Amino acid sequence: MVNSRAKGAQFERSIANYLTDELCGANEKFVRDLEQYREGDHGDIVAQGMPNFPFIIECKRYKSGDGMRPDWWGQAKRAATRAGKLPCVIYKFDHRDVRVVVPLNAVMREQDDNGFVAVLDLEGFVYLIREMM
């Protein structure tokens with residue numbers, strides 16, 4: 001349990017650092033939201049100094065698996081609803097690339113998401129954010 005928690009925290013930090021490097025200017029950064037441990041329905045990463053950032057980010061890092069688990073999406077949706085933002089799950093399994101899941105209407109804005117999602121790589125997610133903001 002301790003190793004998996006440390007692995008998850010390290011993954012959150014690496015994603016926060018990557019997003020900061022790619023998307024942030026002065027007085028902006030992505031950080032781990034430590035409120036997630038005190039209170040439910042918080043994302044793992046928040047954008048400081050970026051009130052219009054459209055997503056709540058939930059991060060998951062596991063040894064093995066194949067695709068996003070439904071309970072991860074439910075967790076992200078609850079946090080996003082609480083914050084008035086869109087849900088996002090960023091996940092990685094060992095020896096696999098990072099994947100990002102967002103509602104379909106984040107990519108195709110005229111569409112209702114109808115429960116459908118889009119799966120992107122991390123670079124595609126950064127491009128989507130730049131287009132949205």
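## Aromatic pairs

A search of the whole structure, which is a predicted model, finds 7 aromatic pairs. Rings of Phe, Tyr and Trp (its six-membered ring) pair if their centres lie within 6.5 Å; planes under 30 degrees apart count as stacked, over 60 as edge-to-face and the rest as tilted. The rings of Tyr 62 and Trp 72 are a stacked pair, because their centres are 5.4 Å apart and their planes stand at 15°. This pair links distant parts of the chain: Tyr 62 belongs to strand 3 (residues 55-62) and Trp 72 to helix 2 (residues 70-83), 10 residues apart. Helices (H or I, at least four residues) and strands (E, at least two) are DSSP runs, numbered from the N terminus.

The two partners can also be described by their relative accessible area, where buried means under 20%, exposed over 50% and partly exposed in between (1.4 Å probe, protein chains only). Tyr 62 is partly exposed at 33%, whereas Trp 72 is buried at 1%. Elsewhere, one aromatic cluster is formed by Phe 30, Phe 53, Phe 55 and Phe 125.

## Basis of the model

Residues are numbered from 1 along each chain as its sequence is written. In this predicted model, local features need pLDDT of at least 70 and side-chain atom pairs count only at pLDDT 80 or more, while totals for chains, interfaces and linings use all residues; side-chain values use heavy atoms, with hydrogens and water left out.

## Overall architecture

The protein chain contains 4 helices and 6 strands. Along the sequence these elements follow the pattern α-β-β-β-α-β-β-α-β-α. The C-alpha atoms fill a box of roughly 45 × 35 × 30 Å, taken along the principal axes. The radius of gyration of the protein chain is 14 Å, which agrees with the value near 14 Å for a compact globule of 133 residues. That radius is taken over C-alpha atoms, and the globule rule is 2.2 Å times the number of residues to the power 0.38.

Of the 133 residues in the protein chain, 40% are buried. Contact means heavy atoms within 4.5 Å. Among contacts between residues at least 6 apart in sequence, 47% join residues at least 24 apart.

## Surface and charge

The accessible surface of the protein chain comes to about 7900 Å², and 47% of this surface belongs to carbon and sulfur atoms. Such areas come from the Shrake-Rupley method with a 1.4 Å probe; for residues, only the protein chains shown count as cover.

The chain carries 19 positive and 20 negative charges, and the mean positions of the two sets are 6 Å apart. Lys and Arg count as positive and Asp and Glu as negative, while His and the chain ends are not counted. The place of a charge is taken as NZ of Lys, CZ of Arg, CG of Asp or CD of Glu.

## Buried valines of strand 5

Val 100 is placed in strand 5, as is Val 102. Val 100 is buried, with a relative accessible area of 0%, and Val 102 is buried at 0%. Leaving aside residues up to four places away in sequence, Val 100 touches several residues, including Cys 88, Val 89, Ile 90, Ala 118 and Phe 125. The C-alpha atoms of Val 100 and Cys 88 are separated by 7.0 Å, at 12 residues apart along the chain.

With its neighbours within four places likewise set aside, Val 102 is in contact with residues that include Phe 55, Trp 73, Cys 88, Ala 118 and Phe 125. Val 102 and Met 50, by C-alpha atoms, lie 19 Å apart in space and 52 residues apart in sequence.

## Loop residues and a helix position

Asn 27 has a positive phi of about 65° although it is not a glycine. Asn 27 is found in the loop between helix 1 (2-23) and strand 1 (29-32) and is exposed at 76% relative accessibility. Phi of His 95 is also positive, near 65°, in a residue other than glycine. His 95 is found in the loop between strand 4 (86-93) and strand 5 (99-103) and is exposed, at 84%.

Asp 44, in the loop between strand 1 and strand 2 (45-48), is buried, with a relative accessible area of 3%. The C-alpha atoms of Asp 44 and Ala 76 are 9.3 Å apart, with their positions 32 residues apart in sequence. Gln 10 is found in helix 1 and is partly exposed at 45%. Gln 10 and Arg 61 are 51 residues apart in sequence and 9.2 Å apart in space, C-alpha to C-alpha.
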